[in-house]
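Student: Could we go through this structure together? I would like to know what stands behind the terms people use for it.
Tutor: Gladly! Have a look at it, and then we will take the terms one by one.
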Number of protein chains: 2
Amino acid sequence: MDPIRIAVVGVGKIARDQHLPAIAGNSAFSLAATVSPHDPGVEGVPHARSLEELIERGPAVDAVALCTPPQVRYDLAVQALRKGMHVFLEKPPGATLGEVGALSSRADKVGATLFAAWHSRFAAGVAPARAWLAERRIDSVSIVWREDVRVWHPGQAWIWEPGGLGVFDPGINALSIATHILPRQMFLQSATLEIPANRAAPIGADIQFRDTAGAPIHMDLDWRQTGPQSWDIIVETDAGTLKLSNGGAVLTLPSGVEHNEDLEYPGLYARFATLIRGGRSDVDVAPFRLVADAFLRGHRKIVEEFHD
Amino acid sequence: MDPIRIAVVGVGKIARDQHLPAIAGNSAFSLAATVSPHDPGVEGVPHARSLEELIERGPAVDAVALCTPPQVRYDLAVQALRKGMHVFLEKPPGATLGEVGALSSRADKVGATLFAAWHSRFAAGVAPARAWLAERRIDSVSIVWREDVRVWHPGQAWIWEPGGLGVFDPGINALSIATHILPRQMFLQSATLEIPANRAAPIGADIQFRDTAGAPIHMDLDWRQTGPQSWDIIVETDAGTLKLSNGGAVLTLPSGVEHNEDLEYPGLYARFATLIRGGRSDVDVAPFRLVADAFLRGHRKIVEEFHD
C-alpha cells in the first residue's frame, strides 16, 4: 500500500515536538510538505507559505494535519475537504461546536476522513484504566490539573483570546480522558471560572460534574501552579481507588502500578491511518461540549491580572 | 385510541398562557394532573406538589410537559423517564448541552419519547418561509430581536442566573427559526455579549454567523428596547427579500404578504402526539448549541447595572 502523503499545517511547538516525529515513525505516512507563513519548515521537505499555495503548486497530498491555533482551523479544514483530503484536527477540534458539526457533515458528504484527535486518550495508562473501570461502581471522581502556564504556554496570546479556552486548553485533555474511561456519561452541574481582569479566558476553574448514575465528579483546574505540577485523575470505586497520574501516563490500581508504553502521538497517527484505510471519521465532541457547557453555565469571577 | 394522559409540571406563565389551552384543544391528550409546589393548579384537575408526589400517589400519567426553569429540568426528566413517561421539554431543553445529550440517550434506552420543543418553529410564517428558501441562493441574513425585558420577563430572577441565558432566552427562538428555515448549516464566527455589572447573563448581544456557503448572518439581540418591539428575520436572496416578522407570524415575500394561521403551541402538541404514537424522539439541539458557542467564543463587555 502506498503511504498516505501528509502535509503538516502550522509548524509550531506541537508540530515539531510531536507531529513530525510521529509521522516520521509511522510507515503508513510520508511527510509530503509543511505549511507555515513564518516557519522555514523541515530540511529536504517541500514547504508552502499557505494551504492555498500548496493546493495550487503542489506537491499533491492525501491528508493534512492542522496544528494551527483553533480559531483559524475551520477555513483550513474546508479548503482541504474541498479537495477531498483527509483532515487531522489537533485538539480542540475548532473554535466552536457548530463549526465542528459543519465540518463533520462536509467530510461525510465528500467521503473524506475527519479525525478530532484527543492525544491524552493515547497516554499509557488510559486504555487499561478504561478496561478496569468498565466493571466497577463509580463512587466519586477527582480531577486535578494544575500547571504553570508560563512554562507550558509561554507568550501564546491566542490561548487567552475568545475561542482560545484559557486553562481549558490543558483541562480539555483531562476531560478527554475522563469521558473515555468513565463507564457513564458525565455532565456539568455548576462551575466557577476565574478570569484575569486583563484577559478573556479563564486562568482557573472549579467544576462539579456528575455521571448519569449520580456519582460526583469534581474538577480543579489551575494555571498558576508553580513547583510540582499535577495532572491526576482519582476514581473511587467499589473495588478501591484508581489513580491516573502524569496526564494519563502512570496508572495506579489497588494491585499496584501498571507500566505501559507511552504512545500519545504515535497512537493518534496509527488511529488516523486506520480511519483513512477504513473510510471512516472519528469526531467525538464530548470533551469540547463539556467545556462549552462550563462557559455557558459557569459563574465568572474576575481575578488578578495575568502578565506573561 | 385512548388519549395520552399528560401532567403539566411547573404551572407558571407559559403553562397557563400556552400549554394548558393547547392541551385542552387537542383530543389526543387529556390533562391528568398539574404539578407545582406553589400553584394551586386547575379547578377539577388532580394536583401534586412535586413529581415524586405524583408518581407515588397518582393519578397515573403517560407523559409530562416540563415548564419549569431549565436549571431543574434534568432531574425531573430523569424521574419521568425512569417511569417510562414521555417528556416534553420547554425551550431551552436544559441548562447544559451535556445533560440534554444524557437525557436523549436515556429516552432511547427506555423507549420513551423525548421532545425538545421549539415553539417558534410553529409560528405561521415559518413553514412557508422554509419552503420558499429551500431553492434560493442566500446572500445575507439579518436577525433583529429587540424587546423590553421588563414587559416580557418581569421579576424572573432565574433568567439572569448562569444557565438562564439572559437575552438568549428570546434569542434562542430566533435561532430555532433560522436553523429551521435556512437551507445550510450556520455557525458562529464572533460575538460580543453585553453583561450588566450586577448580573451573570447578557442583556444584549451582537453576533456574526455564517452559513457553510459563506453567507453572512448577523444577529442583533437587545433586551433594553422600549416602544416598538422587533422580532424580525430578513433574508436577502437571488429572488429578492424574504421577511419574517412578529417572531415568525407574518411572512412577507417579494410577491406580497402571506397570511397563515398561528399554531405555535397547538403545533407543538400535535407534533408531540405524533412522536409518541410513532415511538420516536425529536431532540434538535442546534439552536442551543449556537448559544453555547456564543458563550464559549464571545467577547464579554460589562455594561450598566440592570434592575427590574
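Tutor: Let's start with two helices, keeping in mind that this is a predicted model. Val126(A), Ala129(A), Arg130(A) and Leu133(A) in H5(A) meet Ile177(A), His180(A) and Ile181(A) in H7(A).

Student: What makes that meeting a contact?
Tutor: A contact requires heavy atoms within 4.5 Å, and the listed residues of H5(A) and H7(A) fulfil that. By class, the residues there are five nonpolar, one polar and one charged.

Student: Which residue is the charged one, and how do you know that?
Tutor: Arg counts as charged, so Arg130(A) in H5(A) is the charged residue here.

Student: How do the axes of H5(A) and H7(A) lie?
Tutor: The axes of H5 (residues 126-133) and H7 (residues 168-181) of chain A come within 9 Å and cross at roughly 35°.

Student: Why is the pair Arg210(B) and Asp75(A) called a salt bridge?
Tutor: The term asks for a side-chain nitrogen of Lys or Arg within 4 Å of a carboxyl oxygen of Asp or Glu. For Arg210(B) and Asp75(A) the N to O distance is 2.7 Å, so the pair meets the cut-off. In general, side chains of opposite charge can pair when their charged atoms come close.

Student: How many salt bridges are there between chain B and chain A?
Tutor: Two are counted between these chains, while the structure holds 24 over all chains.

Student: What makes Lys301(A) and Glu194(A) a salt bridge?
Tutor: Their side chains meet at 3.7 Å, N to O, and the limit is 4 Å, so this pair qualifies too. Lys301(A) lies in strand E15 and Glu194(A) in strand E8, so the pair ties together parts that are 107 residues apart in sequence.

Student: What does the contact between the two chains take from each?
Tutor: Chain B gives 32 residues and chain A gives 32 residues. Together the chains bury about 2800 Å², with 57% of it on carbon and sulfur atoms. Ten residue pairs between them are in polar contact. On the side of chain B that touches chain A, helix H3, helix H4, strand E8, helix H9 and strand E15 each supply at least two residues.

Student: Which of them gives the most?
Tutor: H9(B) does, with eight residues. That side of chain B has 13 nonpolar, ten polar and nine charged residues.

Notes:
Residues numbered from 1 in each chain as written. Chains lettered and ligands numbered in written order. Predicted model: local features only at pLDDT ≥ 70, side-chain atom pairs only at ≥ 80, totals over all residues. Heavy atoms only, no water. Axes fitted to C-alpha atoms, helices over the stretch in contact; angles between N-to-C directions. Helix = DSSP H or I, 4+ residues; strand = E, 2+ residues; numbered from the N terminus. Buried area = accessible area lost by both parts, 1.4 Å probe. Polar contact = N/O pair within 3.5 Å; in protein donor to acceptor, adjacent residues only side chain to side chain.
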